[in-house]
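Reader: Walk me through the labels used for this model. I want the reasoning behind each one.

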Amino acid sequence: MSKVAKDYTRITTNSLSEMKQRGEKIAMLTAYDFTLAGIVDKAGIDIILVGDSASNVMAGHETTLPITLDQMIYHASGVIRGVERALVVVDLPFGSYQSDSKEALRSAIRIMKEAGAHAVKLEGGSQIKESIVRILQAGIPVMGHLGLTPQSIYKFGTYTVRAKKESEAIQLIEDAKMLEEIGCFGIVLEKIPAKLAAKVAREVNIPIIGIGAGNEVDGQVLVLHDMLGMSTEFSPRFLRRYLDLNKEITEAVRSYALDVKSHDFPNDKEQY
Ligand code: KIV
């Protein structure tokens with residue numbers, strides 16, 4: 001059976017590296033389900049992250065800690081079915097990789113095999129080096145995540161800007177260089193000073209994707225529901241809202257309820 005020619009080129013870790021080399025910014029967003037992932041993909045986003053932020057935005061938990069590996073696989077499977085072009089990266093959730101490197105590899109394999117993901121993302125630097133190496137050795141692409149690492153929220157107690165102290169900034173740069181050296185294809189830097197993020201982007205050759213990390217990095221990531229304005233409570237400085245979907249959805253739902261209650265819906269043309 002011959003395959004139909006596609007009018008898009010699939011994004012790979014190599015294409016991301018080439019984008020960095022030629023100075024083309026990388027656009028990344030989260031998605032957690034088939035329908036929205038399909039829209040995001042067709043709109044031209046390069047990387048779709050099935051983030052463990054699903055724990056907050058999809059399940060209503062206060063932190064990212066409760067979401068399980070099975071739940072991440074469920075979200076990721078839907079996303080994969082909706083995506084044709086973007087590289088789909090899936091977060092290893094809290095508790096699925098911290099015990100030891102064998103557990104980390106088992107979790108990463110489940111995400112690749114059961115969800116059909118293209119890559120995984122893990123939070124942390126030197127303390128999880130062994131796990132990342134083991135996953136990479138199995139041929140699974142890994143993205144790092146440094147700076148604010150929400151899975152460690154109870155260690156730090158706040159979601160404030162990270163690596164403001166010189167010692168923390170030095171550690172972060174060392175961690176970023178280590179992640180590059182062992183073979184990660186990219187790193188997310190969350191909520192750190194813009195100057196520090198710019199230095200990391202200059203000093204490592206793999207793509208650096210920022211969230212609250214300024215403009216002098218290789219790309220940006222936002223949580224889809226935040227940039228669409230679905231949530232109203234979360235308003236960090238780095239968030240740009242492109243829609244006020246909370247308002248739009250509320251108005252649409254109210255209109256529907258009114259139409260039903262006033263016997264207006266369905267009308268003659270809307271029935272059989
Ligand atoms: O889980 C997530 O959505 C993330 C992004 C904030 C980078 O890790």
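Author: Start with a side chain: that of Ser55 comes within 2.7 Å of the backbone oxygen of Thr63. The model is a predicted one.

Reader: What makes the approach of Ser55 to the backbone oxygen of Thr63 a polar contact?

Author: The distance is 2.7 Å. The cut-off is 3.5 Å for a pair of N or O atoms, so the pair qualifies.

Reader: Where is Ser55 found, and why is Ser55 called buried?

Author: Ser55 is in helix α3, residues 54-57. Its relative accessible area is 0%. Buried means under 20%, so the label holds for Ser55.

Reader: Which side chains make polar contacts with the ligand?

Author: Ser53 has a side-chain N or O atom 2.5 Å from a ligand oxygen. For Asp91 the corresponding distance is 3.1 Å. A polar side-chain atom of Lys121 is 2.9 Å from an oxygen of the ligand. The limit is 3.5 Å, so these pairs count. The protein buries 95% of the 250 Å² that the ligand exposes when taken alone.

Reader: How does the shell around the ligand divide?

Author: Into 4 nonpolar, 4 polar and 4 charged residues. The surrounding residues include Thr30, Leu49, His145 and Glu190.

Reader: Why is Phe265 called partly exposed?

Author: Its relative accessibility is 37%. Partly exposed runs between 20% and 50%, so Phe265 fits. Phe265 lies in the segment after α11 (245-261).

Reader: Which residues form a nonpolar patch with Phe265?

Author: Tyr256 and Val260. Together with Phe265 they have about 280 Å² of accessible area. A patch residue needs over 30%, so Phe265 passes that cut-off at 37%.

Note on methods
Residues are numbered from 1 along each chain as its sequence is written. This is a predicted model: local features need pLDDT of at least 70, side-chain atom pairs count only at pLDDT 80 or more; totals for chains, interfaces and linings use all residues. Side-chain values use heavy atoms; hydrogens and water are left out. Patches are made of residues with over 30% relative accessible area and no salt bridge: like charges are joined within 9 Å, nonpolar side chains (Val, Leu, Ile, Met, Phe, Trp, Tyr) within 5 Å. Accessible areas come from the Shrake-Rupley method with a 1.4 Å probe; for residues, only the protein chains shown count as cover. A salt bridge is a side-chain nitrogen of Lys or Arg within 4 Å of a carboxyl oxygen of Asp or Glu. Helices (H or I, at least four residues) and strands (E, at least two) are DSSP runs, numbered from the N terminus. Buried means under 20% relative accessible area, exposed over 50%, partly exposed in between (1.4 Å probe, protein chains only). A residue is near a molecule or strand if one of its heavy atoms lies within 4 Å of it. A polar contact is a pair of N or O atoms within 3.5 Å; within protein, one must be able to donate a hydrogen and the other to accept it, and residues adjacent in sequence count only if both atoms are side-chain atoms. Ala, Val, Leu, Ile, Met, Phe, Trp, Tyr, Cys and Pro count as nonpolar, Asp, Glu, Lys and Arg as charged, and the others, Gly among them, as polar.
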